[in-house]
Amino acid sequence: MALAAANLVMVRHPLGTAMGVTSGKACLADVMTQTLIEGTPLDEINGRRALLFASFGLCYQGCFQYWMYNKLYEGILFPGNSARAIASKVLASNFISDPVFFAGSAANSGWLAISTFRSRY
């Protein structure tokens, strides 16, 4: 019964659900990283950092990706569930949106690797 009620809320409010779930997930992931991996005691976690992760989850994952996958890909570019539409969505995600999102991290990692290589050799 409780699951059916929760599902009904999610169906009626998909954007709000996406925002809540992704912000909570991102915050929890950071708190787990701080405590389990970095060894920070729970009462000393960096709340500002956890809030930053929660904000990222809310804005990028909850809002932007909700729009991109549900409105842009499904509603405008590749509507439907045919094999071609599904393949198009997967390809667009893997070869357009993911590389654009990760370009900054990749460039930063590349520059770090180059500078490390130059300083050692």
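**Exercise 1. Find which side chains meet glutamate 38 and arginine 49 in a wider network.**

Step 1. Start with the pair itself. Glutamate 38 and arginine 49 form a salt bridge through their side chains, at 3.3 Å from N to O. The model is predicted.

Step 2. Place the two residues. Arginine 49 sits in helix H3, while glutamate 38 belongs to the loop between H2 and H3, so the bridge ties together parts 11 residues apart in sequence.

Step 3. Look for a further partner of arginine 49. Aspartate 30 also forms a salt bridge with arginine 49, with the closest N and O atoms 2.7 Å apart. Here helix H3 (residues 47-77) is tied to helix H2 (residues 14-37), because arginine 49 lies in the former and aspartate 30 in the latter; the two are 19 residues apart in sequence.

Step 4. Join the pairs. Asp30, Glu38 and Arg49 are linked in a network of salt bridges.

**Exercise 2. Sort the members of this network into buried, partly exposed or exposed.**

Step 1. Fix the cut-offs. Buried means under 20% relative accessible area, and exposed means over 50%; partly exposed lies in between.

Step 2. Take aspartate 30. Its relative accessible area is 2%, so aspartate 30 is buried.

Step 3. Take arginine 49. At 24% relative accessibility, arginine 49 is partly exposed.

Step 4. Take glutamate 38. Its relative accessibility is 44%, so glutamate 38 also counts as partly exposed.

**Exercise 3. Describe the salt bridge of lysine 89: partner, location and burial.**

Step 1. Name the partner. Lysine 89 meets glutamate 74 in a salt bridge, at 2.2 Å from N to O.

Step 2. Locate both ends. Lysine 89 is in helix H4 (residues 83-120) and glutamate 74 is in helix H3; this pair links distant parts of the chain, 15 residues apart.

Step 3. Assign burial. Lysine 89 has 18% relative accessibility, so lysine 89 counts as buried. Glutamate 74, at 31%, is partly exposed.

Step 4. Check the total. The whole structure holds 3 salt bridges.

**Exercise 4. Set these pairs against the chain as a whole.**

Step 1. Count the elements. The chain has 4 helices and 0 strands. From the N terminus, the order is α-α-α-α.

Step 2. Check overall burial. Of the 121 residues, 18% are buried.

Step 3. Consider contacts. Among those with a separation of 6 or more, 48% join residues 24 or more positions apart.

Step 4. Finish with the surface. The chain exposes about 8900 Å², and carbon and sulfur atoms supply 69% of this area.

Definitions and conventions
Residues are numbered from 1 along each chain as its sequence is written. This is a predicted model: local features need pLDDT of at least 70, side-chain atom pairs count only at pLDDT 80 or more; totals for chains, interfaces and linings use all residues. Side-chain values use heavy atoms; hydrogens and water are left out. A salt bridge is a side-chain nitrogen of Lys or Arg within 4 Å of a carboxyl oxygen of Asp or Glu. Buried means under 20% relative accessible area, exposed over 50%, partly exposed in between (1.4 Å probe, protein chains only). Contact means heavy atoms within 4.5 Å. Accessible areas come from the Shrake-Rupley method with a 1.4 Å probe; for residues, only the protein chains shown count as cover.
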